[in-house]
Amino acid sequence: MGIRFCYFSCEQERITPGLVEDGPLALDFVGGPEPTVTLGQLGEQLTGISFLEVGKAVRSWHREINVPDDPVEKAAFFDEYGLDPQAPPDELELALLDLSWTVSVGQLDDRMRDALAAIPPDGRQAVAERWMTIEELDGLSSEAVQGALEGLCEVARHAVADGHHLYCWTML
């Protein structure tokens, strides 16, 4: 099991439970790195603001978990998510909380969006080379880091041009 991160921009009103659950499939999106530390360190390199601040989600939406009341639907729900219907209530509550966090959308700091959008195409290689010195990108090829940066810059550029925020959809 892996973790997926997809970056996209849109009107905030489009962040619905369906988009959170299914991802930004109907939008232009690009895969990328983990947003808080890995992308945050790039943000720190670009802005001078601590990665813990610039990489932190400004706002987030999580999977909505509604346990059905109908006994048959409830049994199917527990089976689908691998939950033990006989678990003590506090254990079940924690399992449902964990489940809600497995799919989410986070709004990135606009300073991160703006910094990415401001990287000129002819400066992206130098930025990628500096970014790939962080521990989290150890072992990745310069082509992979450059490609990720190119995609992030383009989606950020479109977000700025359209007056939208930049979002990251995460699925565990």
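Reader: Starting just after H4, which residue takes a positive phi there?
Author: Gly-82 does, with a phi of about 65° just after H4. Helices here are DSSP runs of H or I with at least four residues, strands are runs of E with at least two, and both are numbered from the N terminus.

Reader: Before I go on, what sort of model is this, and what pLDDT do features need?
Author: This is a predicted model, where local features need pLDDT of at least 70 and side-chain atom pairs count only at pLDDT 80 or more, while totals for chains, interfaces and linings use all residues. Residues are numbered from 1 along each chain as its sequence is written, and side-chain values use heavy atoms, with hydrogens and water left out.

Reader: Back to H4. What sits at the start of H4?
Author: A side-chain oxygen of Asp-70 comes to within 3.2 Å of the backbone nitrogen of Val-72 there.

Reader: And where is Asp-84?
Author: Asp-84 is in the loop that runs between helix H4 (71–80) and helix H5 (89–100).

Reader: Is Asp-84 buried or exposed?
Author: In between: Asp-84 is partly exposed, at a relative accessible area of 44%. Buried means under 20% relative accessible area, exposed means over 50%, and partly exposed is what lies in between, using a 1.4 Å probe and protein chains only.

Reader: Which residues share a patch of negative charge with Asp-84?
Author: Asp-90, Glu-91 and Glu-93 gather with Asp-84 in that surface patch. Patches take residues with over 30% relative accessible area and no salt bridge, joining like charges within 9 Å and nonpolar side chains (Val, Leu, Ile, Met, Phe, Trp, Tyr) within 5 Å. Asp and Glu count as negative, Lys and Arg as positive, and His and the chain ends are not counted.

Reader: Zooming out, how many helices and strands are there?
Author: The protein has eight helices and five strands. Along the sequence they come in the order β-α-β-α-α-β-α-α-β-α-α-α-β.

Reader: What box do the C-alpha atoms fill, and how much of the protein is buried?
Author: The box is roughly 60 × 35 × 25 Å along the principal axes. Of the 172 residues, 41% count as buried.

Reader: OK, salt bridges. How many does the structure hold?
Author: Eight. A salt bridge here is a side-chain nitrogen of Lys or Arg within 4 Å of a carboxyl oxygen of Asp or Glu.

Reader: Which residue does Glu-21 pair with?
Author: Glu-21 and Arg-63 meet through their side chains in a salt bridge, 2.9 Å from N to O. Glu-21 belongs to helix H1 and Arg-63 to the loop between E3 and H4, so this pair ties together parts 42 residues apart in sequence.

Reader: Buried or exposed, those two?
Author: Arg-63 is buried, at 12% relative accessible area, whereas Glu-21 is partly exposed, at 30%.

Reader: What else does the Arg-63 side chain touch?
Author: Thr-102: the two side chains share a polar contact of 2.8 Å. A polar contact is a pair of N or O atoms within 3.5 Å; within protein, one must be able to donate a hydrogen and the other to accept it, and residues adjacent in sequence count only if both atoms are side-chain atoms.

Reader: You mentioned H1. Where does Leu-19 sit, and what separates its C-alpha from that of Val-105?
Author: Leu-19 is in helix H1, residues 17–22, and counts as buried at 10% relative accessibility. Its C-alpha is 8.5 Å from that of Val-105, although the two are 86 residues apart along the chain.

Reader: Which partner does Arg-113 have?
Author: Asp-110, in a salt bridge whose closest N and O atoms are 3.4 Å apart. Both lie in helix H6 (residues 110–118), three residues apart, about one turn of the helix. Arg-113 is buried at 11% relative accessibility, while Asp-110 is partly exposed at 25%.

Reader: And what does Glu-154 bridge to?
Author: Glu-154 bridges to Arg-124, with the closest N and O atoms 3.0 Å apart. Glu-154 is in helix H8 and Arg-124 in helix H7 (residues 124–131), so the pair ties together parts 30 residues apart in sequence. Arg-124 is buried at 2% relative accessibility, and Glu-154 is partly exposed at 27%. Salt bridges with shared partners join Arg-124, Glu-150, Glu-154 and Arg-157 into one network.

Reader: Last one, still on H8: is Glu-143 buried or exposed?
Author: Exposed, at 58% relative accessibility. Glu-143 is in helix H8, residues 142–162, and its C-alpha is 9.4 Å from that of Gln-125, 18 residues away along the chain.

Technical notes:
Accessible areas come from the Shrake-Rupley method with a 1.4 Å probe; for residues, only the protein chains shown count as cover. The place of a charge is taken as NZ of Lys, CZ of Arg, CG of Asp or CD of Glu.
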